[in-house]
Amino acid sequence: SSQSALNFGAGPAKLPREVLNDVQYEFISYQNAGMSIIEMSHRSKEYITINKNAQDAIRKLLNVPSNYEVLFMQGGGCGAFAAVALNLINRTGTADYAVTGTWSGKAAKEATKYGKVNLLFPKADKPGSIPDQKTWNFDPNASYVYYCDNETVDGVEFPYVPNTNGVPIVCDMSSSIMTKTLDISKFGVIFGGAQKNIGPAGVVVVIIRKDLFGASHDCVVYVMEKVLQWIIKQGGVKAMQKQAEEKSGLLYKTISNSNSYYSCPIDENVRSRINIPFRVGGKSGNEKLEEKFLEEAEKLSMFQLKGHRSVGGIRASLYNAVSLDDVKSLVKFMEEFQKEHP
Ligand code: PMP
């Protein structure tokens, strides 16, 4: 059947239609090879070319300098933040963590298994703010400073890259990689699970400064390579960034024009452009109304809008493949829902 659902899921998430068509077209016989790519050796020239093209596309899209390695790893985002601690914390035995939400919280907890974790600021009861950098309690002896650029569950996004006075920065970009331009030279390690903005689940991109470490693993990156080429065709990361601002701007505007019918608990300066949590029916939300909201959205083919179970409410994830038109459909629905369920 055709793809008619508007998918606002947090990951695994929507992929570009063009990529799916392409994959479908060549799936049975990859480029006239007479067999599919997933039946071929990972040492075949076809697979090696896909791997290299994916690495080259990442280098091109993010201007990755030559003293950085691009690795494809397994184990998801959680595997990556564990690997970071496991491989890096021993340099001095301690690391700084900025906990701004669910995933940085889990990463900090994981790191305590391998060394001393210094929290840069006290953990808030409820995410929604990032304290001013001037107040952060940096440990000059830290092996690295860790933060999560965009908290997928909570909708908190860093509007800047922290200044760490030369201590390597490790950044979880699982839900924001390829949605903004970056100065890679500011980072020691960037990692991101592919299952949001760059491909299907099962591969994590790691961009790492070569002096930090460099052991790579094999894995399948076929669809990711296609998504990266699709991003290049759309105008690169700059175009994705512009689109992310337009889409999220439209949604936040709808929320703020709703007379508190819809509300977002996140401070305006750190609101995520990618994952947008909101409540329906007043500031603390009306669960019955939210259930109704999800039900009616599904009738209009809008799926995966339920907030993370730890947060409740609604969450719209606007990854790169989610179009401005998709978001227009969502806000139209929101405005109508408000009228019909005052
Ligand atoms: N970090 C962030 C920012 C995430 O959004 C997620 C997944 N939602 C993870 C880490 C964990 O990734 P995985 O489920 O692949 O382990």
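**Arginine 59, a partly exposed residue with 16 other C-beta atoms within 10 Å.** By the yardstick used here, a residue is buried if 20 or more other C-beta atoms lie within 10 Å of its own, exposed if 12 or fewer, and partly exposed in between, with C-beta atoms placed from the backbone. Keep in mind that this is a predicted model: local features need pLDDT of at least 70, side-chain atom pairs count only at pLDDT 80 or more, and totals for chains, interfaces and linings use all residues. Residue numbers start from 1 along each chain as its sequence is written. Arginine 59 sits in helix α2. Not counting residues up to four places away in sequence, arginine 59 touches Val64 and Val70; contact here is a pair of C-beta atoms, placed from the backbone, within 7 Å. Glycine 202 is 143 residues from arginine 59 in sequence and 20 Å away in space, C-alpha to C-alpha.

**Helix α2 (residues 45-62), with its buried residues and what covers them.** Helices here are DSSP runs of H or I with at least four residues, strands are E runs of at least two, and both are numbered from the N terminus. Does the end-to-end distance of α2 agree or disagree with its 18 residues? It agrees: at 1.5 Å a residue they should span 26 Å, and the end C-alpha atoms are 26 Å apart. The expected span is 1.5 Å times one less than the number of residues. The buried residues of α2 are Ile50, Ala54, Ala57, Ile58, Leu61 and Leu62. Seen down the helix axis, these fall within an arc of 100 degrees, so they line one face of α2; the arc is that of the directions from the axis to the C-beta atoms. Among the elements covering the buried residues are β2 (68-73), β10 (204-209), α5 (222-234) and α6 (236-256).

**The face of α2 turned away from its buried side, and the helix's exit.** That face carries the exposed residues Lys45, Ile48, Thr49 and Lys52. Asparagine 51 also belongs to α2, and counts as partly exposed, with 19 other C-beta atoms within 10 Å. Asparagine 275 is 224 residues from asparagine 51 in sequence and 29 Å from it in space, C-alpha to C-alpha. Just after the helix, asparagine 63 takes a positive phi of about 50 degrees.

**Around the ligand: a shell that runs from Gly11 to Gly193 in the sequence.** Gly11, Gly76, Gly77, Cys78, Trp103, Cys148, Thr152, Asp172, Ser174, Ser175 and Gly193 surround the ligand; to make the list, a residue's C-beta atom, placed from the backbone, has to lie within 6 Å. Which helix gives the most to this shell? That is α3 (residues 76-88), with three residues. Sorted by class, the shell has three nonpolar, seven polar and one charged residues. In that scheme Ala, Val, Leu, Ile, Met, Phe, Trp, Tyr, Cys and Pro are nonpolar, Asp, Glu, Lys and Arg are charged, and the rest, Gly among them, are polar. One shell residue, Gly11, leads into a cis peptide bond to proline 12, with omega near -10 degrees. Proline 12 lies in the loop between β1 (6-7) and α1 (17-27).

**Glutamate 110 in helix α4 (residues 102-111).** Is glutamate 110 exposed, partly exposed or buried? With 17 other C-beta atoms within 10 Å, it comes out as partly exposed. Leaving aside neighbours within four places in sequence, glutamate 110 is in contact with Phe81, Ala82 and Ala85. Glutamate 110 and alanine 82 are 28 residues apart in sequence but 6.2 Å apart in space, C-alpha to C-alpha.

**Two loop residues with positive phi: glutamine 31 and asparagine 165.** Where is glutamine 31? Look in the loop between α1 and α2. Its phi is positive, about 45 degrees, although it is not a glycine. Glutamine 31 is exposed, with 9 other C-beta atoms within 10 Å. Asparagine 165 is found in the loop between β7 (156-157) and β8 (169-172). Asparagine 165, again not a glycine, has a positive phi of about 55 degrees. With 8 C-beta neighbours inside 10 Å, asparagine 165 counts as exposed too.

Technical notes. Contact = placed C-beta atoms within 7 Å.
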